[in-house]
Every structure is written in C-alpha cells, then in structure tokens.
Amino acid sequence: MDPLGLLPYALAAGGGRVDGHEASALVAAGFTLLQRSLPLVRALGTGPVAVRPARWADFLVALAASDGRGLCVRPPHQEAAGFLYPERELAELSVDLRAAPLQATVSTSQHTQVVDLGSHFGLDLIGDTETAGREEPCLTLGDQARWISHRQLLHDARAGMAAHAFTPVHRTLVCTPFTNYDGLVLGVLAPLLAGGAVLTGASLGVQEVHAVLADGEANVVVCGPDMELPPETTARVIRVPLSL
C-alpha cells in the first residue's frame, strides 16, 4: 500500500498556503505533534479523533495529526474551537491548535503539556499531488456517518481544480461551514493541490468578508448562494457558488 497515499501528504506537496502558513509547514506540524504526544497516539489507538476548527489551518494540522486513521470534523463551538480530541462523549484528551504551527497544548485529566512544534521546520515531507490516494477512511463531516476515503477526496479535488482552473495565483476565501463537503473540496483541497492560497472566511462576518475582498487579499470566494458581494469586487473576484 502506498505510504504517501494520505491526503495531507498530497496537500503539502502542492506548495500552497493556508491562513498565511505554508501548507507543508502545517502538515509537518501535525506529524510533529503526533510524534511528541503519547496521549494523542494512545487516543488514536482507541478510535477516530475529532476537530472543531476555528481556521482551516487547524483542520490541516489535525488532518496530519490523525495519521490517516480517521478525522471527524465537527462544527465549532465557542468553548471548543481549535481543539482536537477523542471522538467520544467524554473526551479524555484535548489539543489546543490555535497556536499551530508553532506549538500546541495537550491536556489530559492528569496534566497539561505545551508541545513545541518548531522542529517541523526541519522536517522534509515527500508527497505527490498526483497520487490516487488510499482507499481508506480519511474523514467524516458533521453528523454524517459516512466516511470519505483519501482516494475520493483527491479525485473530487482534482475534478474541482480542473473545472475552476485553479492556479498558484488564486487566493481563495472560503465562507462555507467547516462541515460542508463542497466547500472543503472546492475551497480548500482543490486550491491547495494547485499551489494556491486558502483563507478562512467561515468565522468572519459579512462586513469582514467584504473588507478582505475590497483589500484584494482574495481573488476567489467560495460561498453560499445567499451571500452578496460588493459590486466593486464582482469584476475581479471569481465566485464559486455552492448550495448549502
């Protein structure tokens, strides 16, 4: 079985950026966290883990830290945003990812550990954006019981990349929920495979989204059909509308 057939390896190989960080650095930070956190390794041995991301950067770190064993993406809660924890009703472990890719805070009922992820800058990742991907569960979104494989995610992302002609010059603002499949594929995975940049807009208000577009920080926006864009941006911003 191809050891590089995991989704985060392919995303790291694309050379893109997420929320101002190199995608490869976020993936490497996730692998570093896994290497340095025995409680997380133990948690992965008992079942899937879950993330309530505050940023797409959190998602990418958590995806790598799940080590291809299954990641449940949950809607963010104010008290839990940015945490990776076992997918059980009573979590015995939480990982604060809000300072990633520099560090993460691992908390259990016994102790709290601040994990330095700085060593990821020396970690060389070898990936392939053309890999077919493993036919193994990669993630599930929201309350869905269906697991989506690495292979399916990569297939759909490449189809989206071709359909919307993503390139490294595209800077995509993603205004969909973290649990929306089309938003994930077209707003995050496809741009990253093409080497572009991804910005989290899901946690922004309408006026903040308009400000990002007006400043030219993004030239693509992935959003629902009800979001209205400022008239002055419609000529230079590509809109990828989704049915939410």
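Colleague: Happy to look at this one with you! Which residues of helix 6 are buried?

Modeller: Bear in mind that this is a predicted model. Helix 6 covers residues 181-193, and 12 of its 13 residues are buried, so the helix is largely enclosed by the rest of the structure. The buried residues are Tyr181, Gly183, Leu184, Val185, Leu186, Gly187, Val188, Leu189, Ala190, Pro191, Leu192 and Leu193.

Colleague: Let's stay with that helix. At the start of helix 6, which backbone nitrogen does a side-chain oxygen of Asn180 reach?

Modeller: Asn180 uses a side-chain oxygen at the start of helix 6. That oxygen comes to within 3.3 Å of its target, the backbone nitrogen of Asp182.

Colleague: And the other end? Which residue with a positive phi follows helix 6?

Modeller: Helix 6 spans residues 181-193. The residue in question follows the helix and has a phi near 85°, and it is Gly195.

Colleague: Thanks! Now the sheet: in what order do the eight strands of the open sheet stand?

Modeller: The pairing in this open sheet is mixed. Strand 8 (112-116) and strand 10 (148-149) each have a single partner strand, so each has one side without a neighbour in the sheet and the two stand at the edges. Reading across, the order is 8-7-6-5-3-4-9-10.

Colleague: Which residue of strand 8 stands opposite Ser107?

Modeller: Strand 7 (residues 103-108) pairs with strand 8 in the antiparallel sense, over five bridges. The two strands form a hairpin, with three residues between them. Opposite Ser107 in strand 8 stands Thr112.

Colleague: Good to know. At about what angle does helix 4 run to strand 4?

Modeller: Helix 4 (residues 56-65) lies across several strands, namely strand 3 (49-52), strand 4 (71-73), strand 5 (83-86) and strand 9 (137-141). Relative to strand 4, the helix runs at about 155°.

Colleague: Which residues form an aromatic cluster with Trp56?

Modeller: The structure holds three aromatic pairs. Trp56 belongs to helix 4, which covers residues 56-65. In the cluster, its partners are Phe59 and Phe178.

Colleague: I'm curious about Asp96. Is Asp96 buried or exposed?

Modeller: Asp96 sits in strand 6 (residues 93-96). Setting aside neighbours within four places in sequence, Asp96 is in contact with Gly82, Phe83, Ala104 and Thr105. Its relative accessibility is 18%, and the cut-off is under 20%, so Asp96 counts as buried.

Colleague: Which side chain makes a polar contact of 3.0 Å with that of Asp96?

Modeller: We have just placed Asp96 in strand 6. Its side chain is joined by this 3.0 Å polar contact to the side chain of Arg98.

Colleague: Where is the cis peptide bond that leads into Pro101?

Modeller: Pro101 lies in the loop between strand 6 and strand 7. The bond has an omega near 15°, and it runs from Ala100 to Pro101.

Colleague: How far apart in space are Ala145 and Cys72, C-alpha to C-alpha?

Modeller: Ala145 is in the loop between strand 9 and strand 10, and at 73% relative accessibility it counts as exposed. In sequence, Ala145 and Cys72 are 73 residues apart. In space, their C-alpha atoms are separated by 9.7 Å.

Colleague: What is the phi of Asp19 near?

Modeller: Asp19 is in the loop between strand 1 (17-18) and strand 2 (21-22). At 21% relative accessibility, Asp19 counts as partly exposed. Its phi is positive although the residue is not a glycine, and the value is near 50°.

Colleague: And what is the phi of Ala165 near?

Modeller: Ala165 lies in the loop between helix 5 (150-163) and strand 11 (171-174). Ala165 is partly exposed, with a relative accessible area of 46%. Here too a residue other than glycine has a positive phi, near 55°.

Colleague: One last thing: what percentage of the residues of the protein count as buried?

Modeller: The protein has seven helices and 14 strands. It exposes about 10700 Å², with carbon and sulfur atoms supplying 53% of that area. Of its 244 residues, the share that counts as buried is 55%.

How values were computed
Residues numbered from 1 in each chain as written. Predicted model: local features only at pLDDT ≥ 70, side-chain atom pairs only at ≥ 80, totals over all residues. Heavy atoms only, no water. Pairing = 2+ DSSP bridges. Helix = DSSP H or I, 4+ residues; strand = E, 2+ residues; numbered from the N terminus. Contact = heavy atoms within 4.5 Å. Axes fitted to C-alpha atoms, helices over the stretch in contact; angles between N-to-C directions. Phe/Tyr/Trp six-rings, centres within 6.5 Å; stacked < 30°, edge-to-face > 60°. Buried < 20%, exposed > 50% of the residue type's maximum accessible area, 1.4 Å probe, protein only. Polar contact = N/O pair within 3.5 Å; in protein donor to acceptor, adjacent residues only side chain to side chain. Areas by Shrake-Rupley, 256 points an atom, 1.4 Å probe, with all protein chains shown as cover.
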